[in-house]
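Here's a quick tour for anyone about to set up calculations on this protein. Have the viewer open and follow along.

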Amino acid sequence: MKFQLVLVATMIVSAMSVAALASDMPDANKTSNVLRLSEPVATDAQSETFGALLDKTLKKVTLHELVSNSASYVGNAFQVETNVAKVCQKKGCFFIAQEGEHVMRVAFRDYDFFVPTDSAGKTVTLAGKLIKQEMTAEQVAHFNQDMQDDSGALHEGVVYEILAESVIIPKA
């Protein structure tokens, strides 16, 4: 009888240990290859900030305004709240901001920081400046490959992009 109690207790402890280990393992249905190549410069219960601390005194604009009046925003600092549609899956070195049909690529100042590769679908607040540049077909193909996407969000020719210095990403 004593042996049976020890055996049952051992089986219960073993089962609990296996369950605890299994809960720490990544779910096969979840993305387990999330890259976080940069540490946040600030963190709180709700969010993480990458790059520099956000200058909250900057003028707030919408992505619609940036897309519709791009030339007037070139070189001017602003902050914008936007949805992250796609993220570079290779490093997190850029993402595609999207609000409805308005789409713009967001790169990071001096290639100085990266965002987690699982940031797609989140609404972020960023501070940056708009730049105007020529994008080649090779660059478009390269960026699409890095995003693992060919949705047509990027195109060759003269484009406007956000060069961000700060990105606040919600934790949930």
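What follows goes from the strands to the cores, then to the cysteines, a serine and some unusual backbone angles.

Keep in mind throughout that this is a predicted model.

**Strands around β6**

A good place to start is β6 (102-108). Of its 7 residues, 6 are buried, so the strand is largely enclosed by the rest of the structure. On one side, β6 runs antiparallel to β5, joined by 6 bridges. One pairing to click on is phenylalanine 94 with its bridge partner in β6, alanine 107. The two strands form a hairpin with 2 residues between them, and glycine 100 in that hairpin has a positive phi near 60°.

β6 also pairs with β8, this time in the parallel sense and over 3 bridges. Alanine 107 turns up again here, with leucine 163 as its bridge partner in β8.

**Two nonpolar cores**

The largest nonpolar core has 23 residues. Among those with the most contacts inside it are Phe95, Val106, Phe108 and Leu126. At least two residues of this core come from each of α2 (63-68), β4 (77-87), β5 (94-99), β6, β7 and β8 (157-170).

Which residues does phenylalanine 95 touch, once neighbours within four places in sequence are left aside? The list includes Val84, Val87, Met104, Val106, Phe108, Val115, Val124, Leu126 and Val167, and also the charged-name entries Lys86 and Arg105.

There's a second, separate core too, made of 11 residues, including Cys88, Cys93, Phe114 and Leu154.

**The cysteine pair**

How many disulfides does a search of the whole structure find? The count is 0. Cysteine 88 has its nearest cysteine sulfur, that of cysteine 93, 3.7 Å away and is in no disulfide. Since a disulfide here needs sulfur atoms within 2.5 Å, the 3.7 Å between these two sulfurs doesn't qualify. Both residues are buried: cysteine 88 has 0% relative accessibility, while cysteine 93 has a relative accessible area of 10%.

**Serine 38**

Serine 38 sits in the loop between α1 (2-24) and β1 (42-43). Is this loop residue buried or exposed? Serine 38 is buried, with a relative accessible area of 11%. A polar atom of its side chain lies 2.8 Å from the backbone nitrogen of phenylalanine 114. Beyond its neighbours within four places in sequence, serine 38 is in contact with Phe50, Phe113 and Phe114. Phe114 also belongs to the second core.

**Positive phi in the β6–β7 loop**

Back to the backbone. The loop between β6 and β7 (123-135) holds aspartate 110, and tyrosine 111 is in the loop between β6 and β7 as well. Aspartate 110 has a positive phi of about 55° although it is not a glycine. For tyrosine 111, also a residue other than glycine, phi is positive and near 55°. Aspartate 110 counts as exposed, whereas tyrosine 111 is partly exposed.

Here are the relative accessibilities of several residues side by side.

| Residue | Relative accessible area | Class |
|---|---|---|
| Serine 38 | 11% | buried |
| Cysteine 88 | 0% | buried |
| Cysteine 93 | 10% | buried |
| Aspartate 110 | 65% | exposed |
| Tyrosine 111 | 47% | partly exposed |

Technical notes
Residues numbered from 1 in each chain as written. Predicted model: local features only at pLDDT ≥ 70, side-chain atom pairs only at ≥ 80, totals over all residues. Heavy atoms only, no water. Helix = DSSP H or I, 4+ residues; strand = E, 2+ residues; numbered from the N terminus. Buried < 20%, exposed > 50% of the residue type's maximum accessible area, 1.4 Å probe, protein only. Polar contact = N/O pair within 3.5 Å; in protein donor to acceptor, adjacent residues only side chain to side chain. Contact = heavy atoms within 4.5 Å. Core = buried A, V, L, I, M, F, W, Y, C linked by side-chain atoms within 4.5 Å. Pairing = 2+ DSSP bridges.
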